[in-house]
Each structure stands twice: as C-alpha cells, then as structure tokens.
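Here's a quick tour of the pockets in this structure and of how some of its helices pack. Have the model open while you read.

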Amino acid sequence: MTAEPPGQPVSARVRRIAEALGPTTLATALLIYFGYIATRARYDYFGVHVDMTGRSNQGLMLDGMEVVFVPAAMIFLGVLALAAIHVLVTWVLTRDAGHHTSAAAFLAYGFALVGLLLIGEALIGMFVHSSETSVKFGIVPLALAFGPAAVAYGVWIYGRQRGRPLLSQHMARNGVMCVLALAVAGLFWASTQLAWAYGRGRGEEDVTALQRRPEVVVDTKEPLEGLPTGVTATRLGKPGESGREYRHRYRGFRLLLASGGRLFLVTPQWQLGRDQTIVLPYADDIRVQLVPQR
C-alpha cells in the first residue's frame, strides 16, 4: 500500500472515498430494488403483499442477483452490437468521403427514420397504454432507450457526411445528455419489467411444485376458521379431556414462505382466483411439524 502524499487536501480524499464506495453502493441499491420487484411479483401471485413478508435487505439482494444476469447479458451484447454497427458506419463514411450522394446519407436518413418510429412507439405506450405497459415486458421502454439515440446517431452521420456538424457544440452537448438520460431511463424501465416478469414466472413455478414441498402439520390451541380446499382438521384427545395444550390438528398445508415471524401456507391444489393463502404468526399457541414428501 502506498502512503498518501503529504498535504493532500481533504476534498481530494473525500472524492477518492466516494469514487471507491459509489459503484458498490449503486450495485447494492440496484440488487435490492430488482429483488424487491421480483419478490413483489412472485408473492403477489398468491395475494401476499411483499411488505407482509418482512424480507430483509439481504434477502432482497439475493433475490435481485437471480434477476440481473439476463439484463446484464443483454446490455453487454447490446454494447457489442452497437460497437459493430459503429465500426461499419465509420467504414462507410471513410469509403464515401467526398461523395455528394452516398450510402452515408442513406444511413443517416435510415437511422433518423427508425429513431422517430421508436419515439412514436414509446410515446404511444406511455400516454395511451401506460397502465398496460408498466409491468408487462414489451418494446416501449426499449423504444424509449434507443429511439432518441438512433435519431442523434443519424444526425451525427449526416454531419460527418457533409463535412460539418448540423448543431452547435452547445446544442450537441445538451442533446447528448438528454439522449443518455432517456437511454438510462428506458433501460431501467425495461429491467424493471423483466424483474416483474421473472418474479411472476417464479410464482407460477411455485404452484406447479407445491405437491413436492414438505407437508406442514399445524397444531393449535384454538380452532382455525376458513380452511382452504385440501386441508383436513382433526381433534386431538377426547372431548372434555383436560391437560392437553394443543387440541386441533390441521394437515394438508404446504409452506409457501416463512419470513417476518409469519408462516404463509397454501395447499397443493392451490389455484389462482379460487384459493387463499393462510398466514399464521409464530406464537406459543401453534406447533408446526414438517413431513417430507417423495
């Protein structure tokens, strides 16, 4: 480790610490956010709000790690594709340098036209079908991310083709900042939709695997009301018998989630729109046994 140079101002040290902690903090925040979205969609399928689960930030971060692989791979592949496109466009500009009618002009108009169509798709999705596209994975956020970028790239190609930029340096700088902001917003929106779709898919997978989960046998002191389909109730001991602490036994439950001091129980025959999720708090008046299934 090298020593800090003497007389280094405090602001420089603070900046170095902020630069070291910034990416880590941002990555942690994104993992927690995407984990929250995926967990919310997963248990919302069973009618359980994510706030009821009491999931910790560590748990949400682990859930988020399952989600980020696909968006990260898509982003890296997209960067490679954009780099290849830029190399091709640069080659065309170099080959057609000095020509008044060239493929470069065609590329410029093509990028601008595609960008305008994508911007139109994004505006229609946001202002006409906003309630339907907020959590459903689709083209709207990607159109928002790449539409303005395609228009800006077309303007840049046309400026290079004619030998001088169309916009002043100040306007070009502001335009690039707006394009980057829209690209970040669109990619973040698309990643959020992907996280929701992933969580929804996990919920559907949970339903198909309930039969293979361990059975939860619940003994209680007081009877449970509103039992779901598939749960059987038996009385422990003889009527009037004293000294028995737990008097009611319920079989047929499957454990959906244990978190926040609560048990979230469903049945193997659970169906969306028909069955409910039973929530039991950890307390002295219940006893739980787990029976593994083959």
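Four helices each put at least two residues into the lining of the largest pocket: H4 (69–95), H5 (103–127), H7 and H8. Keep in mind that this is a predicted model. H7 makes the largest contribution to that lining, with 12 residues. In total, 33 residues line the largest pocket, and those nearest its centre are Pro148, Ala149, Ala152, Tyr153 and Val179. Its volume comes out at about 960 Å³. As for chemistry, the lining splits into 26 nonpolar residues, six polar ones and one charged.

Now for the runner-up. The second largest pocket has a volume of about 350 Å³, and 16 residues line it, with Leu30, Phe34, Ile75, Phe188 and Ser191 lying nearest its centre. Helix H1 (10–44), H4 and H8 are the elements that give two or more residues to this lining. H1 is the top contributor here, with six residues.

Here are the two pockets, by volume and lining:

| Pocket | Volume | Lining residues | Lining by class |
|---|---|---|---|
| Largest | about 960 Å³ | 33 residues | 26 nonpolar, six polar, one charged |
| Second largest | about 350 Å³ | 16 residues | 15 nonpolar, one polar, no charged |

On to helix packing. Two packed helices are described by the angle between their axes and the distance between the axes. How do the axes of H7 and H8 cross, and how close do they come? For H7 (residues 140–162) and H8 (residues 169–208), the axes come within 7 Å and cross at roughly 160°. Angles over 145 degrees count as roughly antiparallel, so H7 is roughly antiparallel to H8. The crossing of H7 past H8 is left-handed.

Some of the pocket residues turn up again in this contact. On the H7 side, Pro148, Ala149 and Ala152 are among the residues that meet H8, whose contact residues include Val179, Leu182, Trp189 and Gln193. By class, the H7 and H8 contact has 15 nonpolar residues, two polar and no charged ones. Pro148, Ala149, Ala152 and Val179 are also among the residues nearest the centre of the largest pocket.

The other pair is H3 (residues 57–67) with H4, whose axes come within 5 Å and cross at roughly 45°. H3 and H4 are therefore oblique to each other. In this contact, Met65, Glu66 and Val67 of H3 meet Phe69, Val70 and Pro71 of H4. That contact has five nonpolar residues, no polar ones and one charged.

Note on methods: Residues numbered from 1 in each chain as written. Predicted model: local features only at pLDDT ≥ 70, side-chain atom pairs only at ≥ 80, totals over all residues. Heavy atoms only, no water. Axes fitted to C-alpha atoms, helices over the stretch in contact; angles between N-to-C directions. Parallel < 35°, antiparallel > 145°, perpendicular 65-115°, else oblique. Left-handed = near helix turned anticlockwise from the far one by under 90°. Contact = heavy atoms within 4.5 Å. Nonpolar A, V, L, I, M, F, W, Y, C, P; charged D, E, K, R; others polar. 1 Å grid on protein atoms, 1.4 Å probe; cavity = no way out; pocket = protein on both sides within 12 Å on 5 of 7 lines; lining within 4 Å. Points joined across faces, edges and corners; volume = space filled by probe spheres on them.
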